[in-house]
Structure formats: structure tokens, C-alpha cells
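Please look at the sequence and the 3D structure shown here before reading on. The paragraphs that follow lead through the structure step by step.

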Amino acid sequence: QVQLVQSGGGLVQTGGSLRLSCVASGSIFSINRMNWYRQAPGKQREFVATIISSGDSTNYTDSVKGRFTISRDNAKNTIYLQMNSLKPEDTAVYYCYAKIQYSGYWGQGTQVTVSS
């Protein structure tokens, strides 16, 4: 049994910052990859960022490059999404995803709202 628990969402003004966390717990042997996704109202779920187990390789969707940073703390089985210079179009429910062994797991989602 694996659980991914997210925190850190909220309401900020345009240009503000927010830091999301996703903690994996349970029967974890190793985490190969962890991703962030988001889903805005009326839109499909969108890939945001990914990080491999070593933390040395990351990738981002174009719309967040230079503003968002994904990182991980393997000792804590946690990934983070530091979001700076937030824009109203960043408003969405954000989900973390973890590939653990050969299975994938999703967090419960957390709301991020950026007011204009």
C-alpha cells in the first residue's frame, strides 16, 4: 500500500509564489520517477514537470519553464514544486504522480488559485 499526500496549495496574487509538497509513504522500495500534473476547469490534465530518482534530470512543460522548479528529497520520499511568478493561467488542481517499482500512484490533488 502506497499513499501520496499533497500539501501547499492555496490562493495567491499574480506574481506570488507557492510551494507544493507530495509525500509518499507505505510499502516503498524505490521511486523511479515523480511528476507533477495539473488540471484546470474544463481542460484535460496537463503534464507540468518530472524528475528522475537521482534528481539530476528534470523536465518542464514550456509554459512553466523559468518559473517552476521541481525537486526531490529521497530521504523523505518527497517531491516539491516551487512555483514563482504565478499567473492566473496557472490556476488548477495540481496532482503529483509517483512511479514506484512497476506501479503508478496519484496524490489527492491540491487547488492552486492565482488571482489577477
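**A walk through the chain**

Q101 has a relative accessible area of 36%, so it is partly exposed. Because buried means under 20% and exposed means over 50%, a value between these two limits is called partly exposed. The model in which Q101 is seen here is a predicted one. Q101 sits in the loop between β9 and β10, the latter covering residues 103-106. Its backbone deserves a look: Q101 is not a glycine, yet its phi is positive, at about 60 degrees. As background, most residues other than glycine have a negative phi.

A second residue can be read in the same way. S85 is not a glycine either, and its phi is positive at about 50 degrees. S85 belongs to the loop between β8 (78-83) and β9 (92-100). With a relative accessibility of 42%, S85 is classed as partly exposed.

From these two loops, step back to the whole chain. Its secondary structure consists of eleven strands and zero helices. Read from the N terminus, the order of elements is β-β-β-β-β-β-β-β-β-β-β. The radius of gyration is 14 Å, and the globule rule gives 13 Å for 116 residues; the two values are close, so the chain is as compact as a globular protein of that length. Along the principal axes, the C-alpha atoms fill a box of roughly 45 × 25 × 25 Å.

Some totals describe the inside and the outside of the chain. Of its 116 residues, 41% count as buried. The accessible surface is about 6200 Å², and carbon and sulfur atoms account for 45% of that surface. There are 11 positive and 6 negative charges in the chain, and the mean positions of the two groups lie 4 Å apart. Among contacts with a separation of 6 or more, 51% are between residues 24 or more positions apart.

Now take the strands, beginning at the N terminus. Which side chains of strand β1 point to the buried face? In β1, which covers residues 2-7, the side chains alternate: V2, L4 and Q6 point to one face and are buried. Q3, V5 and S7 point to the other face and are not buried. Strand β1 pairs with β3 in the antiparallel sense, and six bridges join the two. One position in this pairing is Q6, which stands opposite C22 in β3.

Strand β3 covers residues 18-26, and three of its residues can be visited in turn. L18 lies in β3. Its relative accessible area is 12%, so L18 is buried. Leaving aside neighbours within four places in sequence, L18 is in contact with G8, G9, G10, V12, L81, Q82, M83, L86 and V112. One of these contacts spans a long stretch of sequence: L18 and M83 are 65 residues apart in sequence, but their C-alpha atoms are 5.2 Å apart in space.

S21 is also in strand β3. Its relative accessibility of 14% is why S21 counts as buried. Apart from residues up to four places away in sequence, S21 touches V5, Q6, S7, W36, I79 and Y80.

Is G26, another residue of strand β3, buried or exposed? Its relative accessibility is 53%, so G26 counts as exposed. Beyond its neighbours within four places in sequence, G26 is in contact with Q1 and Q3. G26 and Q3 are 23 residues apart in sequence, while the distance between their C-alpha atoms is 6.2 Å.

The walk ends with strand β11, residues 110-115. The side chains of β11 alternate, with T110, V112 and V114 pointing to one face and buried. Q111, T113 and S115 point to the other face of β11 and are not buried. Which strands pair with β11, and in what sense? Strand β2 (residues 10-13) runs parallel to β11, and four bridges join them. Within that pairing, L11 has T113 of β11 as its bridge partner. Strand β9 pairs with β11 in the antiparallel sense over three bridges. Here A92 stands opposite V112 in β11. V112 has appeared before, as one of the residues in contact with L18.

Conventions:
Residues numbered from 1 in each chain as written. Predicted model: local features only at pLDDT ≥ 70, side-chain atom pairs only at ≥ 80, totals over all residues. Heavy atoms only, no water. Buried < 20%, exposed > 50% of the residue type's maximum accessible area, 1.4 Å probe, protein only. Contact = heavy atoms within 4.5 Å. Rg over C-alpha atoms; globule rule 2.2 N^0.38 Å. Areas by Shrake-Rupley, 256 points an atom, 1.4 Å probe, with all protein chains shown as cover. Lys, Arg positive; Asp, Glu negative; His and termini not counted. Charge placed at Lys NZ, Arg CZ, Asp CG, Glu CD. Pairing = 2+ DSSP bridges.
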